[in-house]
Amino acid sequence: MASDTDEIRGAKLLIGDTWREASEGPAFSSVNPADEKVLASIAHASPADVDAAVEAATQALRSKEWGQMKPSARGRLLTRIGDLILSNREELARLDCLDAGKPYTSVFHGDVPAAADAFHYFAGLPTTILGETYPSDGTHLAYTLREPVGVVAAIIPWNFPLLMAAWKIAPALATGNTVVLKPAEQTSLSALRLAELCLEAGVPAGALNVVTGLGHTTGAALVRHPGIQMVAFTGSTSVGYEIQRVAAEHFAQVTLELGGKSPHLIFADADLEAATSAAAQGIFFNCGEVCTAGSRLLVQESVYDQVVERLVESTSKLVPSNPLDPDCRLGPLISNEHLERVVQCIEQGQSEGAELLIGGDRPAGEGFFLNPTIFGRVDNNSSIAREEIFGPVLCVIPFVDEADALAIANDTWSGLAAGVWTRDIQRAHRMVRNLQAGTVWVNTYNAFNAMVPYGGIKRSGLGRELSGHAVEHYTQLKSVWFGL
Ligand code: ADP
């Protein structure tokens, strides 16, 4: 690994333009989930460190270097960050691979270029953020200015460490805000390296700060800090709820991208080969540790046996392996604690009488690996069909017709995403209208792009990330009246 990564391990928190030790308390360890060995020691930011980071971010808002930077210069800065991500592609892919147990190949071809793309996309936005002039009777001139919200607390999860950092930092900086980023405690390394690249690209002191630490300490201190004006959060629904509650105490705005129990529907008239392969990818990609994982596969009864047979057959070839291996398609889960939770869900599924078609057990050896698991003929009311498992565990549920499919699909707390496979164009449009989700994929699944909005309804979140719509969250309107 490159030596600059080793320097990060000694450097710890980024506050202003300096890398500092945490002011108190012991560091914590980041563990490689593939071999259970300690990878790095991570600084645990105290409330005093959070204060310092928020102060640095507040100063930067008013600084000449950041507060008065030309929009086109902000755009060029974001372009440089995107370019630096691409020129450090191997190292960043390796960091997420080691720290999060993600398959190297998938990070190299997926997460890293997508993170660069977020910066390159948002690089085009600063010069397009406009106010409006309003019709007048001639006695007044009224117009709006679209201004940055202020200091943004960005709190991100461990499943896409680099990409989630990019999805928060890029829109926040594009709109002229400053950021205090708290990576997930399990996966701080790529965010720290990204912060170094941001400084190298020329991000002025204090525009981006990074406080590593645990959720209930560092994260909580950040959310309750009166100096932040917005929390951009991605993570679990329970923590999202808590963050919204605490942020409301000082009227900070929130965007929440939370969990899901997404339905993935296969109708009998679909291209069954493509649909089945997408269904497997939809749940086993990133070991099922994906908010949009298609964890409830709804299959029309007339093709149920056929689809399940194909699915089990392809899954039997999906063997967990070392994520550094270029052929690895299924790595370990993030931690032992999480693995135990997923195993408990599987045991509960079995005790509830769901039909275990494959998996459910662990391969021998070190690492937090779990074999891909499929349950058949699952009752949508059972706990495995209702709770987010966040692992490689698929529930297959039969349905009779369109009405039945919709009733099952929408009978959930979540509303993040849904997928539909059918060749009937009218049915496809009917499903799009009636599925309760922030994103609906038709004859594809898990397609993402920085230009297209992303977010959930129901208990899956608030607000939209990516696209021009992100600008609405990261800016606020000032109305201006001139008497004439
Ligand atoms: P997961 O269940 O995927 O680990 P979490 O919602 O627990 O997701 O964590 C997502 C992010 O939220 C992490 O960076 C974590 O440290 C942070 N976090 C957890 N609890 C809190 C909290 N009470 N306040 C602020 N941040 C938190």
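User: Where in the protein is the ligand found, in terms of its pockets?

Analyst: The model is a predicted one, and in it 17 residues surround the ligand, among them Ile156, Trp158 and Ser236. Taking the protein's pockets into account, the space that the ligand takes is the largest pocket.

User: Which element gives the most to the shell around the ligand?

Analyst: Helix H9 (215-223), strand S9 (230-234) and helix H10 (237-249) each supply at least two residues of that shell. By class, the residues of the shell divide into 10 nonpolar, 5 polar and 2 charged. The element that gives the most, with 4 residues, is H9.

User: How far from an oxygen atom of the ligand does a polar side-chain atom of glutamate 185 lie?

Analyst: Contacts to ligand oxygen come from backbone as well as side chain: a backbone N or O atom of glycine 215 lies 3.3 Å from an oxygen atom of the ligand, and an N or O atom in the side chain of lysine 182 is 2.9 Å from one. For the polar side-chain atom of glutamate 185, the distance to an oxygen atom of the ligand is 2.5 Å.

User: What share of the area that the ligand exposes when taken alone does the protein bury?

Analyst: Taken alone, the ligand exposes 560 Å². Of that area, the part buried by the protein comes to 80%.

User: About how much space lies in the largest cavity?

Analyst: The count comes to 4 cavities of 30 Å³ or more. The largest cavity is lined by 13 residues, with Gly288, Ala293, Ser295, Ile389 and Phe390 nearest its centre, and its lining has 7 nonpolar, 4 polar and 2 charged residues. The space in this largest cavity is about 60 Å³.

Conventions. Residues numbered from 1 in each chain as written. Predicted model: local features only at pLDDT ≥ 70, side-chain atom pairs only at ≥ 80, totals over all residues. Heavy atoms only, no water. Near = heavy atom within 4 Å. Polar contact = N/O pair within 3.5 Å; in protein donor to acceptor, adjacent residues only side chain to side chain. Areas by Shrake-Rupley, 256 points an atom, 1.4 Å probe, with all protein chains shown as cover. 1 Å grid on protein atoms, 1.4 Å probe; cavity = no way out; pocket = protein on both sides within 12 Å on 5 of 7 lines; lining within 4 Å. Sits in = over half its atoms within 2 Å of the grid points. Nonpolar A, V, L, I, M, F, W, Y, C, P; charged D, E, K, R; others polar. Points joined across faces, edges and corners; volume = space filled by probe spheres on them.
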